[in-house]
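Hi everyone, thanks for making room for me today. I'd like to walk you through one structure, so please have a look at the screen.

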Amino acid sequence: MTQATPNDATQPTVVQASNVSKVVSTSEGELRILAGIDLEINAGESLALVGASGSGKTTLLGILAGLDEPTSGVVRLGPYELTALDEEQRAKARGELVGFVFQTFQLLESLTALENVMLPSELRGSRDAREQAVELLARVGLEHRHGHYPRQLSGGEQQRVAVARAFAAQPKVLFADEPTGNLDTATGSKIVDLIFSLNQEFATTLVLVTHDERLAARCDRSVTIAFGEISQ
Amino acid sequence: MNWRLSRMLAWRDWRSGELGLLMLALVVAVASVTAISLFVDRLQQAMLNESADFLAADRYVGSSRELPPSFRDLAQARNVQAVDTLLFPSMVFAGEELNQLVSVKAVSPGYPLRGRLRVATQPFGVGVVTQALPELGEVWLDSRLFPALGVALGDTIEVGLAKLTISNVITSEPDRGGGMFDWGPRLLMRMADVPATEVVQPGSRLTYRLLLRGDDDDLEALKEDFDLQPGQSWVGIKESSPSIGSALARAERFLLLGGLLAVLLAGLAVVLAAARYARRHYDHVAVLKTLGTGPNAILASYVGVLLLVAAVAIAVGLIVGFGLHWLILLALQELMPIELPPPGVRPLVLGSITGLICTMAFALPAFIHLRNVSPMNVIRRDLGATPPSRYLSYSMAAAGVIALLLWYTQDVLLTLWALGGTSLTLVIFGALGLLLLRGTRVLGTQAGSLWRFALASLQRRHRENLVQMLVIGLAIMLILILVLLRTALLSEWQQQIPEGAPNHFVMNLQPEQVPELQAQLDAAQLPFDEAFAMVRGRVVEVNGLSAKEHRAAQGEQDRPGANIGSERNLTWTATLPQGNSLVSGQWWAEASAASEVSLEEEYAREAGVSLGDELRFDIGGRQLTARVTSLRRLDWESMRPNFFIIFSPGALESFPVTYMTSFHLPVDQKRFLNGLLTSFPTVTVIEVDALIARIQSIISRVTQAVELVLYLVLVAGCLVLVASIQASRDARMHEHALLRALGGTRALVAGTLAIEFAALGMLAGTIGAIGAEVTVALLQTQAFDLPARAHPWVWLLGPLLGAVLIAGVGMISTRSLISTPPMLVLRGLS
Ligand SMILES: Nc1ncnc2c1ncn2[C@@H]1O[C@H](COP(=O)(O)OP(=O)(O)O)[C@@H](O)[C@H]1O
Ligand SMILES: [Mg+2]
């Protein structure tokens, strides 16, 4: 089945991974990063992926969000079976369902704050991209920084722009990979507050990678990864 | 194609300056091709026009017999202008005892078809251009004839039976000296007056010419129409002045090669700029992909960006190229007072296509590459793109280079040479470069901290540095190649007409006059050549076949083999003359009594005559048979008397003979001719000093063009340097920010950079020097027919040029890197 057809729209599970493993070949031979991961995430749920550095959290997040392919196993995202799609179709699925917040912000250097936030809607060809972006920037408290470039913003401000951009796509699932990892505690918690409140507002499913126990505690559910496996 | 996204990306990248270098490189490629070809196009036309002045026409048909009137009709049918001229020597009389042998040129209205006539208001006055011709019943005379004949303007002289009035002083006409037998002081008259003189009798020495002017295609077609008979020759600039012909051909090749090098260098800059742009966009693309943009949309929009950039660059390049060529024309205005014909569209088409090829072959692969960037790049930076597309880049770049080379040189062999040479160079120098880089590390461990850091940093990024070194080395190599070729061409052109080369020929000398003349030349301290015996004759039979049958047997009517039956100067010598070299056969023994003949190689080939053939000659009605026993090669550019046909001594002894010799007469001793002509009234003097001056002026113009090309190539080369330094800038930036964050002073960073760049440049320069020396040796022997020689100064200049250029350009383009606060650098502000 290679077509991006919805299989059951009423299913409450938005993200589903069954027996997912990831093996990469390195110069020192094969490296098993993930092994036999089974995971279901329900719509509207907020889930924390926790674990030590190097345990495989980011790899799993990438696979769940359709950024990367598992070596084996099946991944479903909303109505799509991601593992049956090619990159072209996965991109379409991402554009439709997914938002991201990254540890390293990942704003486009050549675009202003406003243009960064406008980007997802623009890519979809939406007409009111600008109004929506203005609104979202106001929502994250950056209404006066429209024309500023990423390099003219502090880390916290950049991450707020990134959060605004993530919600601009009106995603079903928001994936956040250590969104506070590059920020100080105070700024970090402000960002987290922002993510959670927007999450409520837009009724988004949240998948949050963190090694911060307190942050994980704010989520509905917490899954621990160790050595590439889920340890309960 | 997602134009909206493309436009958005293009506009935003442009605004942030990311596309600047790519755009600039494309503009330089387009502009240099456009400027060079516009300039060459116009210069070529101008030079051809000027060369046509030597003939006073584009082509002419010459014969010693009257040309059929049908020729004029045929010319008219082809829309080709045609004018008759007739040249003959004649004695003119002024009063009872004064007379003088003159060279009469009779012309019909319309003469000259190219170039201008000049007249002076009094003998030995300054000539001014005139559109007029002598009226019927009038003649114009050379200054020298006025004292010789004791006449003044308005006087009457007798030419044969006709009495004609002297109405003007002629100082020059375009086709004077254009042929070897247009001698002596000139008398210009009208064709219509010739019958009245009754000097034109069977047996007189006559040269009929039908001058022609028209389009090249029409002229070539007309040549077919004429179906020339033996004794009728078709003459263009190449036939009449081989030295100008070959100078033009070489200049053309050089200019095109130069243009090609400029484009290739700019292409190299395009590759680097595109690669850098793409690399900087990996994150960009990854983010777009996480936002749901698929690979095809990415491809489409980035190709769109590229096409937009290409379109703008081509437009700007054409405008810049056009402006540049105007600037050059303005700058050369004083040196080139010729009116240039308007430019055609061809150069603009050439520029546009070059821009497209550069875009497709050099920039597109890097852009296609972007399609494969993994969205995981957002999280993990080191993923890059998949390697297979590298093969794509290399093969597309190679295809582009081959296409450009083939298109510009129109020469498969030259293309293969250039390609093979470049590949071999790259492989050898890759290895050599690696070795050199290793060497610097060994050196570095012995050095102070500044040097150690610089050299270690060279060694640390040795892969990128190797590539950069090869790229810069290639650029330096191309620049050096051009400098070397230019020097070789110029010095060869200068040698072509050495100081003191004979510029006057004396003909019609009686055997007993030869020692007298030589004594006079000796007395005036004028250097002169040996004297050659001369007999006029033509080939009538080859191996028993008549000239016509022989030509038919050759089968190829369009070959210049047609010249077999035309009248030639025959001579004899015991020894091989100076400037001649034996190609095949054997030179005759001193005592040989047999009738042997030696032919010029090219003449023999065109005539379809080979070693051992028996030729029958007609000399003034008497016949003579001789066997071809050797073939010679001549130095046509030597400006010395040259003979196609040389007999063994004795063979021509019984025929009436005259002698010719040549000597060099400086401009300020021109009056010497008066005395000479007074003591030897029957000889004829051919003055080629004007011709030589003309050749020199053409050469100096070609030199200007050559110089221009060199500058353009230099600009393109510098662009490569900037592009390649820009390419490594991102990596260096982080390193040096770190260095400064760790407490390194600005001076330390600057010093490190300077040393690193200079060392890189020196290594690249060494590579470039070796490459240039080898390539030039090959090019000179293969493409330009010049002897190869070594240039030790290049070995010094190459590394020095490399060090200075790279350090200079490098320091300028990384200036901001040094002065930016390290924190901003770490945060990614560039
Ligand atoms: N493409 C890859 N090639 C080699 N090793 C990888 C690759 N991706 C991830 N790894 C390794 O797999 C392990 C898990 O990485 P990651 O998922 O980033 O862990 P986490 O996010 O939990 O810190 C690490 O040891 C990392 O070095
Ligand atoms: Mg991680």
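A word on terms before the tour: when I say helix or strand, I mean a DSSP run, with at least four residues for a helix and at least two for a strand, numbered from the N terminus. And please keep in mind that this is a predicted model.

Let's begin with chain B. By that counting, chain B has 24 helices and 22 strands. The chain runs to 830 residues, and 54% of them count as buried. How much of the contact in chain B, at a separation of 6 or more, links residues 24 or more positions apart? The figure is 81%. On the outside, chain B exposes about 34,900 Å², and 60% of that area is supplied by carbon and sulfur atoms.

Now to where the two chains meet. Chain A brings 32 residues to the contact, and chain B brings 30. Between them, the chains bury about 2,700 Å², with 59% of that on carbon and sulfur atoms. If you want names on the chain A side, Glu88(A), Gln106(A) and Leu123(A) lose the most area to chain B, and together they make up 21% of what that side buries.

On to ligand 1, which I suspect the biochemists have been waiting for. Why do I call this site shared? Residues from both chain A and chain B surround ligand 1, so the site belongs to the two chains together. There are 13 residues around the ligand, and the ones that come nearest are Gly54(A), Gly56(A), Lys57(A), Thr58(A) and Thr59(A). Sorted by class, the shell holds 7 polar, 4 nonpolar and 2 charged residues.

Which parts of chain A each supply at least two residues of that shell? They are strand E1, residues 13-26, strand E2, residues 29-42, and helix H1, residues 57-64. H1(A) gives the most, with 3 residues.

Let's zoom in on the oxygen atoms of the ligand. Thr59(A) has a polar side-chain atom 2.5 Å from an oxygen of ligand 1. For Thr58(A), an N or O atom in the side chain sits 2.6 Å from a ligand oxygen. Gly56(A) takes part through its backbone, where an N or O atom lies 3.0 Å from an oxygen atom of ligand 1. As for how covered the ligand is, ligand 1 taken alone exposes 560 Å², and the protein buries 67% of that.

That's my tour, and I'm happy to go back to any part of it.

Technical notes
Residues are numbered from 1 along each chain as its sequence is written. Chains are lettered from A and ligands numbered from 1 in the order in which they are written. This is a predicted model: local features need pLDDT of at least 70, side-chain atom pairs count only at pLDDT 80 or more; totals for chains, interfaces and linings use all residues. Side-chain values use heavy atoms; hydrogens and water are left out. Buried means under 20% relative accessible area, exposed over 50%, partly exposed in between (1.4 Å probe, protein chains only). Contact means heavy atoms within 4.5 Å. Accessible areas come from the Shrake-Rupley method with a 1.4 Å probe; for residues, only the protein chains shown count as cover. A residue is near a molecule or strand if one of its heavy atoms lies within 4 Å of it. A polar contact is a pair of N or O atoms within 3.5 Å; within protein, one must be able to donate a hydrogen and the other to accept it, and residues adjacent in sequence count only if both atoms are side-chain atoms. Ala, Val, Leu, Ile, Met, Phe, Trp, Tyr, Cys and Pro count as nonpolar, Asp, Glu, Lys and Arg as charged, and the others, Gly among them, as polar. Buried area is the accessible area (1.4 Å probe) that two parts lose on being put together, summed over both.
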